[in-house]
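Please lead me through this structure in connected paragraphs, moving from its strands and sheets to its domains and its internal cavities.

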Amino acid sequence: MTEHRPHSSHYGAFHAAHHPGEDRLSLRPDPGDPEPSPLLRNLPAFSRARVDRPYVRRGWLTRGPGPDPERGRDAFVPVEWDEVVPLLARELDRVRTTHGNSAIFGGSYGWGSAGRFHHAQSQVHRFLNHLGGYTRSVNTYSLGASRNLLSHVVGDDRSIVEPTSYLVLAEHTELFVCFGGMPAKNSQVNAGGVSRHTAAGQLRAARARGARFVLVSPLRDDLADDLDAEWIAPLPGTDTALLLALAYVLLVERRYDAAFCATHVTGFDVFRDYVLGGADGVPKTPAWAAAVCGVPADRIAPLAREMAAHRTLVSLSWSLQRAHRGEQPIWAGIALAALLGQIGLPGGGFGHGYGATAGTGAGLLPYGLPTLPQGTNPVPDFIPVARIADLLLRPGESYEYDGQRLTYPDTRLVYWTGGNPFHHHQDLARLRRAFTRPDTVVVHEPFWTATARHADLVLPATTTLEREDLGAARQDPVLIAMHRVAEPRGQARDDYAIFADLAHELGVGEAFTEGRTARQWLAHLYEGWRADLPPEHRPTEDFDAFWRAGRVTLTGRRTRHTLYERFRADPKRHPLATPSGRIELYSATVASFGYDDCPGHPAWLPPPAPDPEFPLWLVANNPATRLHSQLDHGPHSAAAKVAGREPVRVHPEDAAALGLTEGEVVRLRSAVGSCLAAVVLSDALRPGVLQLATGAWFDPSAPEVATCVHGNPNALTADVGTSRLAQGCTGQHTRVAVERLTAPPPPVRAHQPPPIASR
Ligand code: PGD
């Protein structure tokens with residue numbers, strides 16, 4: 001397939017050709033993309049890391065299903081497709097008939113790949129629904145704390161899904177105060193695709209117009225250099241204290257918008273009482289905050305005054321809430337924006353997630369996209385997504401979540417497609433123990449990720465390059481005909497084809513496939529979608545014309561978020577979906593849950609006292625050189641490694657105090673585990689804070705040296721929910737010690753296939 005064909009990914013649209021003889025991918029970014037993502041450079045990653053054929057773990061094959069401590073350590077036996085399909089069908093049938101469908105965990109969280117039809121999670125959910133359902137997961141690792149919180153505070157998550165566009169901010173915002181920054185690296189990616197990377201350019205336009213940027217983050221590169229931001233560097237996880245102190249200044253200096261608070265807010269008195277110290281005897285003064293967050297008190301009051309005097313955007317990153325009591329900085333940020341009284345004014349108020357993806361702030365299409373119907377799931381059981389290890393380790397135990405008491409079902413079979421929990425989950429040693437508990441783990445994967453290595457049945461999936469699909473996201477102006485660019489590797493098959501065979505084996509083949517080939521599904525989904533569109537947005541091209549053209553234009557992205565504009569104009573006629581119809585600075589509902597880890601108003605809930613054994617903070621953020629763990633073996637990701645390890649950035653002052661040198665491989669140790677990483681010196685960090693990105697493939701091959709010898713920070717992070725309100729992921733921070741190695745580090749084996757055995 002040497003001719004360049006249209007295709008798409010979560011980080012950009014492109015044309016590509018595969019040159020099979022040389023095993024080379026030639027790739028041209030979409031000519032309409034003003035700033036194509038460097039992540040595209042990972043795509044030509046044909047490597048030994050591919051799963052070339054179906055495999056079954058030796059112990060499972062010989063001893064049959066059951067808990068097994070060898071899972072994740074065992075060798076794999078190559079099998080044929082016509083053997084593995086009936087084997088897996090029998091096991092699925094055994095589990096559902098013996099233990100019931102709730103014993104199948106099909107939450108299967110993960111970003112998978114771009115493509116509306118071969119969307120791995122949609123495929124597995126549709127398949128399992130045809131078998132009678134599964135225990136599902138709710139929420140995301142991205143926004144675990146926020147979604148629940150926002151439902152109580154502003155009624156829903158539309159402020160995330162459809163925030164004011166960058167176009168409006170670029171025109172109106174005078175002061176961007178960016179808690180957690182707006183990292184350019186995260187604006188590379190968008191779930192489903194992004195054909196135009198415009199966020200960076202629009203922020204530059206705001207700067208050129210004279211807007212001022214203030215970055216509040218322990219990491220200076222959480223905002224692009226060319227925005228000339230003032231950098232305020234609090235300790236990780238202390239933004240709530242800073243936000244409360246800014247609110248304190250507005251309250252005591254009477255710079256808050258009393259009229260807005262009287263008409264649009266509920267719980268103002270409770271919040272004011274808490275901030276001024278009436279509730280707990282601790283006024284949240286700048287001096288108080290300075291002692292908590294390390295930002296000088298004399299910088300806090302002037303910032304509050306400046307915010308009150310200008311059209312100000314309080315920008316709250318998603319990373320803020322992926323942490324201990326992550327609900328609080330978001331609630332405190334919304335409270336601060338409410339006091340400023342600019343919510344609903346162009347360029348003012350708050351935003352949550354600018355910079356988190358390329359789509360945030362790009363405008364939203366007012367209609368849906370072609371979507372594979374998933375059917376209905378009759379099983380009521382679910383978990384908040386980040387409670388996966390608890391689900392497997394604590395069957396029958398109860399826990400609290402958003403005012404409910406829930407019980408973990410007894411999981412016998414785990415089915416994962418399109419995700420990598422051994423990338424995304426915290427405390428990976430604990431996750432390993434959890435994965436030994438079910439009877440059977442099934443994974444479809446193109447690559448030998450740690451998740452595939454911890455499975456019993458590993459079924460090789462195609463990558464998008466090897467199949468046809470529809471590429472689109474609701475924040476992007478094109479629907480792309482993703483043509484096949486390369487032939488499937490080895491015996492890899494589409495997830496759809498695998499599920500179709502399993503469904504036939506289990507007697508639901510016709511219901512699952514509806515008699516369509518993959519290409520027929522694409523035409524069916526496209527035409528059904530097109531017919532339902534409002535006429536003014538309906539593309540004239542039928543499926544064949546669309547496929548030949550390679551794309552159709554999607555019109556009508558909204559640039560203004562009218563929810564808050566209408567609410568501002570008339571809160572009685574356009575109330576928020578909260579019990580009071582207003583922004584809730586005190587939520588009687590949340591208070592009624594009685595959670596001391598998430599009380600009824602925003603509060604500073606300090607983390608446990610730091611253990612002197614772990615004197616440094618580690619920020620474990622999303623990576624700049626790959627999407628999560630995807631294509632970690634790709635050229636762009638590999639180029640940033642140092643001696644084959646993931647780089648850990650260390651401030652030169654800390655390095656000097658610890659006697660560390662640039663490039664040295666060190667061991668990071670936390671209360672739950674350890675990992676190796678290579679030192680890179682950087683003054684873009686607050687001293688006392690290290691930074692190690694997520695996404696290096698977990699490598700537990702030398703446990704005597706470290707839990708992970710490659711540099712996966714989730715070997716270090718704790719598996720604890722944000723609070724009982726949301727039980728969200730807290731992977732963003734942990735506390736660590738750095739140790740020098742006394743012997744040469746062991747090799748990294750993460751990108752090599754696991755041991756292969758004969759029967
Ligand atoms: P990915 O690396 O994208 O990570 O976690 P997520 O599990 O989404 O994994 C997707 C997997 O799907 C890859 O292994 C890929 O090969 C596979 N895949 C791709 N396409 C297909 C396909 O078509 N079929 C099949 N079967 N497989 C496919 C991401 C998660 O990590 C997220 S969203 C966030 S925001 C979290 N962030 C943090 C964090 O900030 N800090 C820490 N410590 N941890 C985090 N984890 C979370």
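In this predicted model, His 15 stands opposite Arg 28 of strand β3, a pair that belongs to the antiparallel arrangement in which β2, residues 12-19, and β3, residues 24-29, are joined over six bridges. Four residues lie between the two strands of this hairpin, and Asp 23 there adopts a positive phi near 50 degrees.

Further along, the chain is divided into domain 1, made of 55-141 and 368-553, domain 2, made of 163-362 and 560-592, and domain 3, which covers 616-740. Between domain 2 and domain 3 the C-alpha centres are 28 Å apart, and the contact draws 24 residues from domain 2 and 24 residues from domain 3.

An open sheet of five strands follows the order β10-β9-β8-β12-β13, with parallel pairing. Because β10 (230-232) and β13 stand at its edges, each with a single partner strand, one side of each is left without a neighbour in the sheet. From one strand to the next the twist averages 20 degrees. The partner of β13 is β12, residues 312-316, and these two strands run parallel and are joined by four bridges; within this pairing, Val 314 is placed opposite Phe 350 of β13. Helix α12, formed by residues 297-309, packs on the sheet, where it touches β8 (175-179), β9 (212-216), β10 and β12, and the direction of α12 makes about 130 degrees with that of β8.

A second sheet arrangement is a closed barrel of six strands, which runs β24-β28-β25-β27-β26-β29 and has mixed pairing. Here the twist from one strand to the next averages 45 degrees. One of the pairings in this barrel brings together β26, residues 665-669, and β29, residues 733-740, in the antiparallel sense over four bridges, with Arg 740 of β29 as the bridge partner of Val 666.

The remaining topic is the enclosed space inside the model. A search of the whole structure finds three cavities of 30 Å³ or more, and the second largest of them has a volume of about 160 Å³. Fifteen residues line this second largest cavity, and those closest to its centre are Thr 164, Gly 344, Gly 348, His 561 and Tyr 564. Two or more lining residues come from each of β13 (349-352) and α22 (562-569), and β13 gives the most, with three residues. The edge strand β13 of the open sheet is thus also a contributor to the lining of this cavity. Sorted by class, the lining of the second largest cavity comprises six nonpolar, eight polar and one charged residues.

Technical notes: Residues are numbered from 1 along each chain as its sequence is written. This is a predicted model: local features need pLDDT of at least 70, side-chain atom pairs count only at pLDDT 80 or more; totals for chains, interfaces and linings use all residues. Side-chain values use heavy atoms; hydrogens and water are left out. On a 1 Å grid over the protein atoms alone, a cavity is a set of points where a 1.4 Å probe fits but cannot get out, and a pocket is an open set with protein on both sides within 12 Å along at least five of seven lines; lining residues have an atom within 4 Å of a point. Grid points are joined across faces, edges and corners, and a volume is the space filled by probe spheres set on the points. Ala, Val, Leu, Ile, Met, Phe, Trp, Tyr, Cys and Pro count as nonpolar, Asp, Glu, Lys and Arg as charged, and the others, Gly among them, as polar. Two strands pair if DSSP finds at least two bridges between them. Axes are lines fitted to C-alpha atoms, for helices over the stretch in contact, and angles run from 0 to 180 degrees between N-to-C directions. Contact means heavy atoms within 4.5 Å. Domain bounds come from an automatic or database domain assignment.
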